[in-house]
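Good morning. I will take you through one structure, starting with a term we need and then working from the chain to the contact between chains.

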Amino acid sequence: MNNQRRNVLKAGSGAALMSVLAAAGIITPGMALADWNKTAFDAKSMADTLKALGAGAPADSKDVQVTGPDIAENGAVVPVGVSSTLPNITMVAILVEKNPNALAATFVLPEGTEANVQTRIKMGQTSNIYALVKSDGKFFMATKEIKVTLGGCGG
Amino acid sequence: MANPMKIRAANKDGVTEVKVLISHEMETGQRKDAAGALVPAWFITELTAKHNDKLVLSSEFGPSVSKNPYLAFRFKGGAKGDKIIVSWKDNKGDSRTDEAAIG
């Protein structure tokens, strides 16, 4: 008599439920990207970010260079670059200490790719920029202060 | 669907420099619109670059990468005419792949 209702309930378990949830927007496609390091990008402080990247307490190194302007007029577009002469660099990350989420970007460098990347980032306010590199399995860091006259994260 | 990327790749002394300019809003999720409602985050999360079939860069972005992201990197090897293929994926599940030849 009420068979249709039964079937709907049955179908409601398992995979079908997932698609219903996804359709309802409870599970956004963003969450399905398992590869993206959500913990690291959601971390607020420098220490939490470093922990999420598995970096612990990286040593300061003169062989890591952060390039960028001393003063950025527009915090929405701050050109920064990271380069390093350390051997076997497999990972480079750019962090902004005083942004709402410290981590801006990570780059995984396969063999043959040089540790020399440039990009543009947003900065909410004057802050230190950290460049983190992983060389021979160890983490090294360098820093540079960039003064921002107009924030890039305001409304 | 997003606009195409601009990709420039040039080989000099055995090292190929790739420059990519992506057309993307890169909304942080922190900004409010005129009515005071939070603008939902919308940004590129992953980007990969290949030289022919070989992966030369894989990158993860947070929302603090600038609008219309620019990226430059260098790798050893590459010859004139080789393909550089760049793909990205954003947090809304949109994606795009473009390619260019090394000039």
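A term before anything else: two strands count as paired if DSSP finds at least two bridges between them. With that in hand, here is a case. In strand 5 of chain B, F75(B) is the bridge partner of T113(A). The two strands involved, strand 7 of chain A and strand 5 of chain B, which spans residues 70–76, run antiparallel and share four bridges. Please keep in mind throughout that this is a predicted model.

Let me step back to chain A as a whole. Chain A has five helices and nine strands. What pattern does chain A follow along the sequence? It reads α-α-α-α-α-β-β-β-β-β-β-β-β-β. Of the 155 residues in chain A, 42% are buried. Among contacts in chain A with a separation of 6 or more, 63% are between residues 24 or more positions apart.

Now strand 7 of chain A, since it will come up again. Seven of its nine residues are buried, so this strand is largely enclosed by the rest of the structure. Within its own chain, strand 7 of chain A is joined to strand 4 of chain A by six bridges, and the two run antiparallel. One of the matched pairs there is V78(A) with I121(A), the latter in strand 7 of chain A.

Just past strand 4 we find T85(A), in the loop between strand 4 (78–84) and strand 5 (89–96) of chain A. Is T85(A) buried or exposed? T85(A) counts as exposed because its relative accessibility is 60%, and the cut-off for exposed is over 50%. The C-alpha atom of T85(A) is separated by 7.4 Å from that of A115(A), although the two residues are 30 apart along the chain.

Next, the contact between the chains. On one side 35 residues of chain A take part, and on the other 38 residues of chain B. The area buried between chain A and chain B is about 2800 Å², with carbon and sulfur atoms giving 50% of it. There are 20 residue pairs in polar contact between the two chains, counting pairs with both residues at pLDDT 80 or more. Which elements of chain A give two or more residues to the side that touches chain B? They are helix 3 (29–32), strand 6 (103–108) and strand 7 (113–121). Strand 7 of chain A gives the most, with eight residues. By type, the residues on this side of chain A are 18 nonpolar, twelve polar and five charged.

Strand 6 of chain A also pairs across the chains. Its partner is strand 4 of chain B, residues 54–61, in the antiparallel sense and over four bridges. A105(A) stands opposite F61(B) in that strand of chain B.

On to charges. Side chains of opposite charge can pair when their charged atoms come close. How many salt bridges does the structure hold over all chains? The count is nine. Between chain A and chain B the count is one. It joins E114(A) to R74(B), with the closest N and O atoms 3.2 Å apart.

Within chain A, D70(A) and K144(A) form a salt bridge at 2.8 Å, N to O. D70(A) sits in the loop between strand 2 (64–67) and strand 3 (71–72) of chain A, and K144(A) in strand 9 (residues 138–148), so the pair ties together parts 74 residues apart in sequence. D70(A) is exposed, with a relative accessible area of 54%, whereas K144(A) counts as buried at 17%. In chain B, the side chains of D98(B) and R96(B) meet in a salt bridge at 2.7 Å, N to O. D98(B) and R96(B) are both buried.

One last residue. N99(A) is in the loop between strand 5 and strand 6 of chain A. Its relative accessible area is 4%, so N99(A) is buried, the cut-off being under 20%. A polar atom of the N99(A) side chain lies 2.9 Å from the backbone oxygen of K122(A). Leaving out residues up to four places away in sequence, N99(A) touches K44(A), K122(A), M123(A), G124(A) and, from the other chain, S64(B).

That is the end of the tour. Thank you.

Methods
Residues are numbered from 1 along each chain as its sequence is written. Chains are lettered from A and ligands numbered from 1 in the order in which they are written. This is a predicted model: local features need pLDDT of at least 70, side-chain atom pairs count only at pLDDT 80 or more; totals for chains, interfaces and linings use all residues. Side-chain values use heavy atoms; hydrogens and water are left out. Contact means heavy atoms within 4.5 Å. Buried area is the accessible area (1.4 Å probe) that two parts lose on being put together, summed over both. A salt bridge is a side-chain nitrogen of Lys or Arg within 4 Å of a carboxyl oxygen of Asp or Glu. A polar contact is a pair of N or O atoms within 3.5 Å; within protein, one must be able to donate a hydrogen and the other to accept it, and residues adjacent in sequence count only if both atoms are side-chain atoms. Ala, Val, Leu, Ile, Met, Phe, Trp, Tyr, Cys and Pro count as nonpolar, Asp, Glu, Lys and Arg as charged, and the others, Gly among them, as polar. Buried means under 20% relative accessible area, exposed over 50%, partly exposed in between (1.4 Å probe, protein chains only).
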